[in-house]
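I opened this notebook to keep track of what I looked up in one structure. The entries are meant for a reader who has not seen it before.

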Amino acid sequence: MASRRPVAGEQLAQVDNPDPFAPPVWRSPVYQTPHAVIWIVQLARLVWRLVWFMLTHPVLDAVVAGLVFTWYRLGWPGLAALAGFVVAVLALLRLLCPDWFTRLITQPARNRWRWWFYRRRWQAAMTLAGLAPTYRSRVLLPVLAGVRAVGAVDLVTVRLVTGQAPADLADRAENLAHAFGAQLCRVRTCGPGMVVLDFVRADTLADPIPALPVTDYVNLAAVPVGRCENGAPWLLRLLGSHVLIAGATGSGKGSVIWSAIRALLPAMLDRWVQVWALDPKRMELSFGRGLFARYADQAADMVALLEAAVAVMHDRAAQFGGKTRTFTPSAAFPFLVVLIDELAFLTAYQPDRDLRKRAEAAIATLTSQGRSVGVCVVGALQDPRKDVISLRNLFPTRVALRLDESDQVDMVLGDGARDRGALADQISPLPYTGAGVGYVRLEASPDPVRVRAAYVTDADIRAMAAAVTSYRVLPGGDCDA
């Protein structure tokens with residue numbers, strides 16, 4: 001008789017095994033539990049859950065006790081009068097204290113409603129999307145830990161199953177969006193074994209945003225230029241940073257640029273902020289030429305202006321060296337914004353090789369050393385490929401507006417940005433819907449945030465330029481009220 005071939009692997013069970021040499025499999029006997037015992041155990045569990053619910057919800061207990069007492073003493077008319085009184089008090093609070101009412105009543109109720117919505121569909125969505133693995137004959141679901149509604153975005157906190165990674169949910173983001181009736185689902189890591197799913201239920205940035213009002217206070221570390229998808233203001237950091245704005249033709253780069261200039265207008269009037277503009281196209285920035293302390297639109301003049309900014313930077317470094325590590329803008333040492341409308345014209349498309357090398361050297365010097373002495377470079381370009389702009393890694397703040405190709409998203413925002421939800425290549429090409437819409441990485445999180453810049457009209461630019469021009473011609477530089 002031929003020898004049996006050994007089989008590797010763990011033996012779990014043998015049912016009707018024809019092999020006479022197989023060792024016997026011993027199984028534990030099965031005992032039937034009496035139905036009376038099952039009923040008693042389940043009743044005890046129900047009573048314990050009711051007691052625990054009452055202990056952990058004292059406010060709800062008090063409300064129910066008040067309703068029962070009112071019904072017992074006054075009947076249904078008493079309950080109706082009490083309900084009317086409560087509604088009147090809530091309406092009064094809504095009028096007198098809207099912020100308090102929203103924070104303590106409206107928002108918790110909305111969060112609870114959205115949690116119930118996701119809870120009802122959670123098991124089916126996770127199972128059919130392939131996110132419910134089986135372990136020892138048990139199906140394990142990711143845990144729905146919490147839901148918070150922020151505008152038209154639901155922030156769903158999820159505890160992953162052991163062995164899962166955020167990439168597993170990111171690969172099923174489209175499935176989850178359709179399962180819960182959302183337009184988009186983004187996956188963000190918030191801790192070990194924890195992720196946040198951003199379910200976008202409506203496009204809050206579909207309509208253009210009018211020019212933001214000019215305020216007296218200017219914070220260079222948080223310049224308001226538009227609005228985020230969750231309704232929060234989009235604050236652009238200029239102090240201690242450089243900004244790269246990438247977007248195809250008609251994507252709204254001018255909206256970001258003019259919104260930033262508009263936010264800086266009070267500081268420009270007070271002369272502790274200066275904007276030097278380089279305008280190769282001679283169309284966008286020339287419209288508000290009166291706003292800029294220095295302006296150039298010819299190749300040689302633009303390179304000379306960049307080298308002048310480098311000279312200012314070196315002069316400040318010589319004066320501040322060994323005295324301070326923190327730059328504080330003032331009228332004597334204003335914060336300098338070097339604004340380049342089309343960066344690729346100087347770094348890639350400039351036919352004069354000498355001018356191109358000088359421009360690249362000046363931009364590299366400013367972006368690598370200028371932050372500490374109050375020099376910020378804001379550059380805009382259409383093509384973010386490396387052969388067009390090789391200095392993009394020197395820009396800490398990068399904005400991706402509408403792009404032509406999906407690969408360009410990671411070129412602008414960094415590797416993996418598109419997988420985390422920065423779908424800049426899918427932004428609508430229609431100006432009304434997509435101009436000024438983009439993605440940016442904020443300092444508080446590496447995950448991209450969808451934003452839209454405010455639209456500054458030609459009339460707004462004229463008014464801004466007129467305000468600066470009239471301010472400069474007045475004796476003593478006093479602003480004419």
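The entries below go through salt bridges, a pocket, a surface patch and two backbone angles.

**Entry 1: the model**
I noted at the start that this is a predicted model, and I kept that in mind for each entry that follows.

**Entry 2: salt bridges**
I began with the count, and the structure holds 10 salt bridges. I looked up aspartate 154 and found that it forms a salt bridge with arginine 201, with 3.0 Å between the closest N and O atoms. This pair links distant parts of the chain, since aspartate 154 belongs to strand 4 (residues 153-159) while arginine 201 lies in the loop between strand 6 (194-200) and strand 7 (223-228), 47 residues apart. I then checked how much of each partner is accessible: aspartate 154 has a relative accessibility of 0% and therefore counts as buried, whereas arginine 201, at 27%, counts as partly exposed.

The next pair I looked up was aspartate 203 and arginine 450, whose side chains meet in a salt bridge at 2.8 Å, N to O. Here, too, distant parts of the chain are linked, with aspartate 203 in the loop between strand 6 and strand 7 and arginine 450 in strand 16, 247 residues apart. Arginine 450 has a relative accessible area of 12%, so I wrote it down as buried, because buried means under 20%. Aspartate 203, with a relative accessible area of 27%, is partly exposed.

I also recorded a salt bridge between aspartate 425 and arginine 418, where the closest N and O atoms are 2.9 Å apart. Both partners are partly exposed, aspartate 425 at 22% relative accessibility and arginine 418 with a relative accessible area of 23%. Which residues are joined into one network by salt bridges that share partners? I found Arg186, Asp203, Glu229 and Arg450 in that network.

**Entry 3: the second largest pocket**
I turned to the second largest pocket, which holds about 590 Å³ of space. Its lining is made of 24 residues, and those closest to the centre are Gly252, Gly254, Ser255, Glu284 and Tyr455. Two or more lining residues come from each of helix 6 (253-269), helix 11 (431-434), strand 16 (448-453) and helix 12 (458-473). Which element gives the largest share of the lining? I found that helix 6 does, with four residues. Sorted by class, the lining has 11 nonpolar, seven polar and six charged residues.

**Entry 4: a nonpolar surface patch**
I looked up a nonpolar patch on the surface, of about 850 Å², and listed its members as Leu43, Leu46, Val47, Trp48, Leu50, Val51, Trp52 and Leu55. I followed up one of them, leucine 46, which sits in helix 1 (residues 35-56). At 48% relative accessibility, leucine 46 counts as partly exposed.

**Entry 5: two positive phi angles**
Last, I checked two arginines for their backbone angles. Arginine 271 is not a glycine, yet it has a positive phi of about 70°; this residue lies in the loop between helix 6 and strand 10 (273-278) and is partly exposed, with a relative accessible area of 41%. Arginine 282, also not a glycine, has a positive phi of about 60°. I placed arginine 282 in the loop between strand 10 and strand 11 (294-296), and, at 43% relative accessibility, arginine 282 counts as partly exposed.

Technical notes
Residues are numbered from 1 along each chain as its sequence is written. This is a predicted model: local features need pLDDT of at least 70, side-chain atom pairs count only at pLDDT 80 or more; totals for chains, interfaces and linings use all residues. Side-chain values use heavy atoms; hydrogens and water are left out. On a 1 Å grid over the protein atoms alone, a cavity is a set of points where a 1.4 Å probe fits but cannot get out, and a pocket is an open set with protein on both sides within 12 Å along at least five of seven lines; lining residues have an atom within 4 Å of a point. Grid points are joined across faces, edges and corners, and a volume is the space filled by probe spheres set on the points. Ala, Val, Leu, Ile, Met, Phe, Trp, Tyr, Cys and Pro count as nonpolar, Asp, Glu, Lys and Arg as charged, and the others, Gly among them, as polar. Patches are made of residues with over 30% relative accessible area and no salt bridge: like charges are joined within 9 Å, nonpolar side chains (Val, Leu, Ile, Met, Phe, Trp, Tyr) within 5 Å. Accessible areas come from the Shrake-Rupley method with a 1.4 Å probe; for residues, only the protein chains shown count as cover. A salt bridge is a side-chain nitrogen of Lys or Arg within 4 Å of a carboxyl oxygen of Asp or Glu. Buried means under 20% relative accessible area, exposed over 50%, partly exposed in between (1.4 Å probe, protein chains only).
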